[in-house]
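Visitor: Could we go through this structure together? I would like to begin with its surface.

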Amino acid sequence: METVLNMLQDPNVQWVLLGTILLGIASGVIGSFALLRKQSLLGDAMAHAALPGICIAFLIYGAKSMSWFLIGASISGLIGTYCIQAIIKHSRIKEDTAIGLVLSVFFGFGIVLLTYIQQNGSGNQAGLDSFIFGQAAAIVGLDVQIISVIAFVLIFITFILFKELKLITFDPQFAQGIGLPTKWLNGLLMTMIVGAVVIGLQAVGVILMAAMLITPAIAARYWTERLDHMVVLAGLVGGISGVVGTLLSTLSRGMPTGPLIILAATVLFLISLIFGAKKGLLPKMVKQWKVKRLVTRENVLSSLYELSENTLKESEGKEIGSYTFQQVVELRPVSTLTLLGVVKELKKDGLLAEEQANKQLMLTEKGMELAHEIVLKNRLLDMYLMFESKFPVSNWREGSMDLLNGPKEIIDELRALLKDFGREPNGLFLYKKKRKIGKKGFHSAVEGSEG
């Protein structure tokens, strides 16, 4: 810790750290829109297309100047973007092919210009080759000021026009229909992406700048479904990546800052991929496991209920017996391990009882009531799906499919269909008084023919 504190007192480290933090925040914010618009590779094309602009700016100005480099990179990046859009619009070439074509041509042209400058003896002094892989240590106070201004402008525009940018990202046709200048907004967003790219070229480089746009945004995507939250989280991930990468580079002496920033962002992405609250692998596995347990739980109760129905019919309504694990599995197959775990839960909840002597299962009174409700819902749903054209579209059909809480007229008609098909559960005995015989189960007479 003492080493880090001493290191942070170095003015050069402070400038580099501030520059990479601002770069990370701006890249994350702008990259969120690029990711959601499926234009992530466009940032890669812009970064490669910026190299010839930097070289031409150096040839015109004759010396290294961050201001001139940014102007040249911006113009070159915008020309590359226009070329991609023109190729897509006026030919049958797809977007990915157009991006690859422009990226290759512009980057190749940039390498030719870079080689020409170096062979003329002034390229190395200019440090132009550092723009390919980045050299954050070369950032000075003036560079940070320029990066800061551009980053704040990008963030401010995003804040002011957030609703408009959100609308053209998710529903451009609607945005055009309500009179928004969609072409102007699209052009502005492309310009903002170019701005985010060019301020990161010196720190991260042409090769890795696309990762600086994409990685924080996609890491944030695993934590939220809201764009405003995603933008904030992406900026936070980008800023943390800048801090971690810069500190690691300074501590390791000689390790490049740009690649370490990308590696830090990648680690945060992997953490998000595994633990992300909305789309992470671990929460998804837990959710799937819970759903599987719930389905198995309902299947076990339904199987025991149906077995009880059959026993009632065979015994002419005199008794309900107990059933083996094999009988339950034959109706609805389930793995032994899962079945044992679910049975243990159901016994704990007082829904099942088990005969220790022969390991047979039976429904308790509480279990029968719940099983009756589950079976009734499933059979009502079967009737609804069989005769879906007869029923109006209703809000209750979405979500949990809780048919018992649906419109009364629909429920009554579905119940009538169940009776016609002879599938209404023999469940009225659940709500009548029963006489219990020991702890083995229920013996009851079903009064009347209802259900």
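Visitor: Which residues make the nonpolar surface patch?
Guide: In this predicted model, W223, V267, I271, I274, F275, L282 and V286 form a nonpolar surface patch of about 580 Å².

Visitor: Which helices each supply at least two residues of it?
Guide: These are α14, spanning 257–275, and α15, spanning 281–314. The most comes from α14, which gives 4 residues.

Visitor: And L282, where does that lie?
Guide: L282 is in helix α15.

Visitor: Is L282 buried, partly exposed or exposed?
Guide: L282 has a relative accessible area of 38%, so this residue counts as partly exposed.

Visitor: Turning to the interior, which residues touch the most other members of the largest nonpolar core?
Guide: They are I193, V197, I199 and L201, in a core of 68 residues.

Visitor: What is I199 in contact with, leaving aside neighbours within four places in sequence?
Guide: I199 contacts L23, A26, L70, I147, I150 and A151. Another core, of 20 residues, lies apart from the largest one; its members include L304, L307, M368 and V375.

Visitor: A different matter: what is the mean pLDDT of the chain?
Guide: The mean is 81, and 86% of the residues reach 70 or more.

Visitor: Where does pLDDT stay under 50?
Guide: That occurs over residues 428–451. For this stretch the model has 45 contacts beyond four places in sequence.

Visitor: How should coordinates be read where pLDDT is low?
Guide: Predicted coordinates should not be read in detail where pLDDT is low.

Note on methods:
Residues numbered from 1 in each chain as written. Predicted model: local features only at pLDDT ≥ 70, side-chain atom pairs only at ≥ 80, totals over all residues. Heavy atoms only, no water. pLDDT = per-residue confidence, 0-100. Contact = heavy atoms within 4.5 Å. Core = buried A, V, L, I, M, F, W, Y, C linked by side-chain atoms within 4.5 Å. Buried < 20%, exposed > 50% of the residue type's maximum accessible area, 1.4 Å probe, protein only. Patch = residues over 30% accessible without salt bridge, like charges linked within 9 Å, V, L, I, M, F, W, Y side chains within 5 Å. Areas by Shrake-Rupley, 256 points an atom, 1.4 Å probe, with all protein chains shown as cover. Salt bridge = Lys/Arg side-chain N within 4 Å of Asp/Glu carboxyl O.
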